[in-house]
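Q: I would like a close look at one part of this protein, followed by an account of how it fits with the rest of the chain. Please keep it plain.

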Amino acid sequence: MLKSSKGIIYILICVLLIISLSGVSYYGYKTFYIEKEIAEPSEYKHHIVLIAEEIDNEYWRLVEEGAKKAAAENDIYLEYVGPLKADNDQLLKLFDRMISVKVDGIIIQGVEGAEFSELVFKGTERHIPIITIDTDVKDSVRKAYVGTDNFYAGQLVGEAMIKNTVGKQFVGIVTGRYDSINQQERMAGFEEAIKLVERIQIVGSQESNITQIGAAQATYTLLKEHPSITALVGLSALDGLGIVEGLNEIAPFKDVYITAFDVLPRTLSLIRNGEIDVTIAQYPKEMGYEAMKLMMKLQKQDILDNEVYTRTQIVEKQDVDRLRQGEFN
C-alpha cells in the first residue's frame, strides 16, 4: 500500500512539472507573437523583418500587406513580428533579438527614448539598415522614415473642425498612447491649427491604448468629466470606432462632431451612416510597400532622401464611395 501511495505521488509530481513547463512555453509565446512562414529565409535573397506596434492590429496588418506585396515582387523573405498587445518594452526586446540574429534589414515603428536610439545604433554598427515606419525618431541614426507627416495630419484635423463646425466647440481628445511620438505630433498639429480660433477649446484628453474598447472607455470618462463636450477627436486607428461605441452607450442622442483616423472599412461605414463626420486618411499599405522598396535600395547603397511621406488627406461622407473604388486622390 505504501509503495502504491509513493507511486501516485511520483506521478502527480511529474504531471505538475509538465504543466509548469507548458505554462512557461505558453507565456513565451504570448509575450511575442512571431508568425511562422512555410518557406525558410535561406531560400531568398534577403531576410527583412517588419516589427509592428501590435501584431493583430488592423492598421498594422495593412502595413504588413503592403510590405508583403513588395517583398513578393522582389524575392525577399519578410518576417512579420510584434507584441501581442502594444507594449514598448516588449517591442524593444524584439528589436534587440532581431539585431542579434543579424537579419538583413529591420522596419520598425519608432519609440521615444534613449533605449530605442541605442538599439538603432547597435544595428547600424552591425550593418543592418533600419527604417522607421509610421512613427519617426529623428535623433536616431535610422536610415530613413516612411509614413505620414503626423504634424500635418493633426493640422488637417483642426482645419476640418474649423470648416465643419459653427459656434463654441468643447473638444475631447482620445489618443492612442500618451508616450507615442506620432500621437504627440498629431496633437501638436491640431493645437497649432486651432490656436487662433477662440471658439474651439480642448477641455480634456484620455488614452485608449490603441484599442476600440479603450477608446469607448476614454469617451465615457471624457463625457462624465466634461458634459459640455461638443466634439471628439480620435488620434489612432481604432479610436473613432470606440468613440462611437462609447457615445452610443452614455449619450446616444447627444450631437457630437467626431473626427477619426485612418480608413478602416468599419470607419468608412460609420462615415457613410453619419456617425463619424471626418477621418484622416493614411495609407498603411502604401507605407509598407514604400518601406520595403526603400529597404531593397539600402541592400545595395546608401540613400540621400531619408524622409518619405506617404499620402494624408481628409475624407468626408461624399468621398467614401470614390475612396473605396480607388478614385479618390
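In which helix does A71 lie?

A: A71 lies in helix α2. The model is a predicted one, and what follows describes that prediction. A71 counts as buried, because its relative accessibility is 3% and the cut-off for buried is under 20%. With neighbours within four places in sequence set aside, A71 is in contact with I76, L78 and M292. H47 sits 24 residues from A71 along the chain, and the C-alpha atoms of these two residues are separated by 9.8 Å.

The loop before this helix is the next place to look. N57 is in the loop between β2 (46–51) and α2 (58–73). N57 is buried too, with a relative accessible area of 6%. Not counting residues up to four places away in sequence, N57 touches I210 and L238.

Charged residues come next. Side chains of opposite charge can pair when their charged atoms come close. D56 forms a salt bridge with R61, and the closest N and O atoms of the pair are 2.7 Å apart. D56 itself counts as exposed, since its relative accessibility is 52% and the exposed class covers values over 50%.

The structure holds 15 salt bridges, and two others join parts of the chain that lie apart in sequence. One of them is between the side chains of E307 and K138, at 3.7 Å from N to O. E307 lies in strand β12 (residues 307–309), while K138 is in the loop between β5 (130–133) and β6 (144–147), so this pair ties together parts that are 169 residues apart in sequence. The two partners can be described by their accessibility: E307 is partly exposed, with a relative accessible area of 28%, and K138 is exposed, with a value of 56%.

The other pair is K163 and E316, which form a salt bridge with their closest N and O atoms 3.1 Å apart. This pair also links distant parts of the chain: K163 is in helix α5 (residues 150–164), E316 is in the loop between β13 (313–315) and α11 (320–324), and the two residues are 153 residues apart. K163 is exposed, with a relative accessible area of 58%, whereas E316 is buried, with a relative accessible area of 12%. Back at the starting region, salt bridges that share partners join D56, R61, E64 and K68 into one network.

A residue in another helix gives a further example of contact across the sequence. E185 is found in helix α6 (residues 181–194). E185 counts as partly exposed, at 26% relative accessibility. Leaving out residues up to four places away in sequence, E185 touches N150 and F151. A153 is 32 residues from E185 in sequence, and their C-alpha atoms are 8.6 Å apart in space.

Helix packing can be followed in one pair. Helix α3 (residues 88–100) and helix α4 (residues 114–125) pack at an angle of about 10 degrees, and their axes are 10 Å apart. Angles under 35 degrees count as roughly parallel, so α3 is roughly parallel to α4. On the α3 side, L92, F95, D96, I99 and S100 make the contact, and on the α4 side E115, F116, L119, V120, K122 and G123 do. Sorted by class, this contact of α3 with α4 has six nonpolar, two polar and three charged residues.

Helix α9 (residues 265–272) shows how burial can be arranged around a helix. T267, L268, L270 and I271 are buried in it. Seen down the axis of α9, these buried residues fall within an arc of 160 degrees, so they line one face of the helix. Just after α9, G274 takes a positive phi of about 85 degrees.

Finally, the chain as a whole. The secondary structure of the protein chain comes to eleven helices and 13 strands. Of its 329 residues, 50% are buried, and A71 is one of the residues that count as buried. Among contacts in the protein chain with a separation of 6 or more, 74% are between residues 24 or more positions apart.

Conventions
Residues numbered from 1 in each chain as written. Predicted model: local features only at pLDDT ≥ 70, side-chain atom pairs only at ≥ 80, totals over all residues. Heavy atoms only, no water. Axes fitted to C-alpha atoms, helices over the stretch in contact; angles between N-to-C directions. Helix = DSSP H or I, 4+ residues; strand = E, 2+ residues; numbered from the N terminus. Parallel < 35°, antiparallel > 145°, perpendicular 65-115°, else oblique. Contact = heavy atoms within 4.5 Å. Nonpolar A, V, L, I, M, F, W, Y, C, P; charged D, E, K, R; others polar. Buried < 20%, exposed > 50% of the residue type's maximum accessible area, 1.4 Å probe, protein only. Arc of directions from axis to C-beta. Salt bridge = Lys/Arg side-chain N within 4 Å of Asp/Glu carboxyl O.
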